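Open the model in your viewer and keep the selection panel at hand. The stops below say what to select and what is there.

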Amino acid sequence: MKKGGPPVPAKAPCLVPVESAPSNLAGIGQRLIGIRIYLGLSQRELAQRLEVHESQVSRDEKNEYHGITVERVEEILTALGANMTSSFEIPTPKAAVGGE
């Protein structure tokens with residue numbers, strides 16, 4: 001069987017709009033599931049990339065990755081070929097606004 005053919009076009013980057021971005025990582029599980037689905041990957045394919053059993057991905061997604069660590073988020077994003085950016089909103093120091 002001959003492999004090859006026309007190259008598969010790369011999908012445009014999918015940026016989550018600010019108004020729907022997770023706050024303080026709340027909802028990150030739903031985002032991970034959504035990215036997998038958007039990319040057209042099955043749970044089996046993600047499991048293969050993560051080198052875990054498909055049932056593990058199924059359980060994780062069923063629980064929306066509840067209690068997931070930042071390290072695990074990074075592993076999943078890497079397996080999906082995705083990146084996450086973050087920003088911080090830092091309050092003005094008390095001394096600068098007349099506090100103690």
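The tour goes from the whole chain to one helix, then to two charged residues and a surface patch.

**Whole chain.** Bear in mind that this is a predicted model. Show it as a cartoon: the protein has 4 helices and 0 strands, and the order of elements from the N terminus is α-α-α-α. Of its 100 residues, 19% count as buried. Among contacts with a separation of 6 or more, 55% join residues 24 or more positions apart. Switch to a surface view, where about 8,300 Å² is exposed and carbon and sulfur atoms supply 55% of that area.

**Helix 1.** Select residues 28–38, which form helix 1. Which residues of helix 1 are buried? Show side chains for Ile 28, Gly 29, Leu 32, Ile 33 and Arg 36. These residues lie on the same side of helix 1, because they cover an arc of only 140° around the axis. The spacing fits a general rule: an α-helix has 3.6 residues a turn, so residues three or four places apart point the same way. Now add helix 2 (43–50), helix 3 and helix 4, against which the buried residues of helix 1 pack. Just after helix 1, select Gly 40, which takes a positive phi of about 75°.

**Arg 36.** Go back to helix 1 and centre on Arg 36. Is this arginine, Arg 36, buried or exposed? Arg 36 counts as buried because its relative accessibility is 9%, and the cut-off for buried is under 20%. Leaving out residues up to four places away in sequence, Arg 36 touches Leu 41, Ser 42, Gln 43, Leu 46, Glu 61 and Leu 80. Pick the C-alpha atoms of Arg 36 and Leu 46: the two residues are 10 apart in sequence, and the distance is 7.8 Å.

**Glu 61.** From Arg 36, step to one of its contacts, Glu 61. Glu 61 sits in helix 3 (residues 54–62). With 8% relative accessibility, Glu 61 also counts as buried. Beyond its neighbours within four places in sequence, Glu 61 is in contact with Ile 33, Arg 36, Gln 43 and Leu 46. Gln 43 and Leu 46 also appear among the contacts of Arg 36, so keep both on screen while you compare the two sets. **Surface patch.** Last, select Leu 25, Val 70 and Met 84, which make a nonpolar surface patch of about 260 Å². Met 84 is in the segment after helix 4 (70–80). Met 84 counts as partly exposed because its relative accessibility is 44%.

Definitions and conventions. Residues numbered from 1 in each chain as written. Predicted model: local features only at pLDDT ≥ 70, side-chain atom pairs only at ≥ 80, totals over all residues. Heavy atoms only, no water. Patch = residues over 30% accessible without salt bridge, like charges linked within 9 Å, V, L, I, M, F, W, Y side chains within 5 Å. Areas by Shrake-Rupley, 256 points an atom, 1.4 Å probe, with all protein chains shown as cover. Salt bridge = Lys/Arg side-chain N within 4 Å of Asp/Glu carboxyl O. Helix = DSSP H or I, 4+ residues; strand = E, 2+ residues; numbered from the N terminus. Buried < 20%, exposed > 50% of the residue type's maximum accessible area, 1.4 Å probe, protein only. Contact = heavy atoms within 4.5 Å. Arc of directions from axis to C-beta.
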